[in-house]
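Biologist: Got a minute to walk me through this one? I'd like to get a feel for it before I head back to the bench.

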Amino acid sequence: MMAEERTEAGSEIETALGEVLAHVRGETALPCRIVDEPAAERIVALRKRMRLSRQKFAERFGLDARAIQDWEQGRRVPDRAARVLLTVIDHEPDAVVRALTPPA
């Protein structure tokens, strides 16, 4: 037997599923975010603006120091997840640090 009243979370899920179905049917477009490929210079600038060595930047944000070196020297391009993380670091570095800090 289904409950007659929906919880707030249930209503939000129902609304979201309705939006997805409308998108699948071609009735509406969903918003999306495009995360651009950061140029090597932008990654270097981000790290230097924070006054962190590659090693300290890597430790602070849970990244691999060698990967950072490769990105900065243009040998590799960060994958999509890394690009998103770099974007968040650029805008809200303390949020990343908080998220990566284990609870006391």
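Biologist: What share of the 104 residues in the protein chain is buried?

Modeller: Buried residues come to 22% of the 104. Keep in mind that this is a predicted model.

Biologist: Okay, and how many helices and strands does the chain have?

Modeller: There are 6 helices and 0 strands. Going along the sequence, the pattern reads α-α-α-α-α-α.

Biologist: Is the chain compact or spread out next to a globule?

Modeller: More spread out than a compact globule, because the radius of gyration is 20 Å, well over the 13 Å that the globule rule gives for 104 residues. Along the principal axes, the C-alpha atoms fill a box of roughly 60 × 40 × 20 Å.

Biologist: What about the surface, how much area does the chain expose?

Modeller: About 8,200 Å², with carbon and sulfur atoms supplying 54% of that.

Biologist: And the charges? How far apart are the mean positions of the positive and negative ones?

Modeller: They sit 12 Å apart, taking 17 positive and 18 negative charges.

Biologist: Back to the inside. Which residues touch the most other members of the largest nonpolar core?

Modeller: That core has 15 residues, and the ones touching the most other members are Leu46, Met50, Phe57, Phe61, Trp71, Leu86 and Ile89. Helices H2 (40-49), H3 (54-61), H4 (65-72) and H5 (80-91) each supply at least two residues of the core. The largest share, 4 residues, comes from H4.

Biologist: Pick Leu46, then. What is leucine 46 in contact with, leaving aside neighbours within four places in sequence?

Modeller: Phe57, Leu86, Ile89 and Asp90.

Biologist: Changing topic: where is alanine 39?

Modeller: Alanine 39 is in the loop between helix H1 (8-24) and H2. It counts as partly exposed because its relative accessibility is 32%, and the buried label needs under 20%.

Biologist: How far is alanine 39 from serine 53 in space?

Modeller: 18 Å, C-alpha to C-alpha, with their positions 14 residues apart in sequence.

Biologist: Last one, histidine 23. Which helix does histidine 23 lie in?

Modeller: Histidine 23 lies in helix H1. At 38% relative accessibility, histidine 23 counts as partly exposed too.

Biologist: And what does histidine 23 touch, not counting residues up to four places away?

Modeller: Thr28, Ala29 and Leu30.

Biologist: Out of interest, what share of the contacts between residues at least 6 apart joins residues at least 24 apart?

Modeller: For the protein chain, that share is 49%.

Definitions and conventions
Residues are numbered from 1 along each chain as its sequence is written. This is a predicted model: local features need pLDDT of at least 70, side-chain atom pairs count only at pLDDT 80 or more; totals for chains, interfaces and linings use all residues. Side-chain values use heavy atoms; hydrogens and water are left out. The radius of gyration is taken over C-alpha atoms; the globule rule is 2.2 Å times the number of residues to the power 0.38. Buried means under 20% relative accessible area, exposed over 50%, partly exposed in between (1.4 Å probe, protein chains only). Contact means heavy atoms within 4.5 Å. Accessible areas come from the Shrake-Rupley method with a 1.4 Å probe; for residues, only the protein chains shown count as cover. Lys and Arg count as positive and Asp and Glu as negative; His and the chain ends are not counted. The place of a charge is taken as NZ of Lys, CZ of Arg, CG of Asp or CD of Glu. A nonpolar core is a set of buried Ala, Val, Leu, Ile, Met, Phe, Trp, Tyr and Cys residues joined through side-chain atoms within 4.5 Å.
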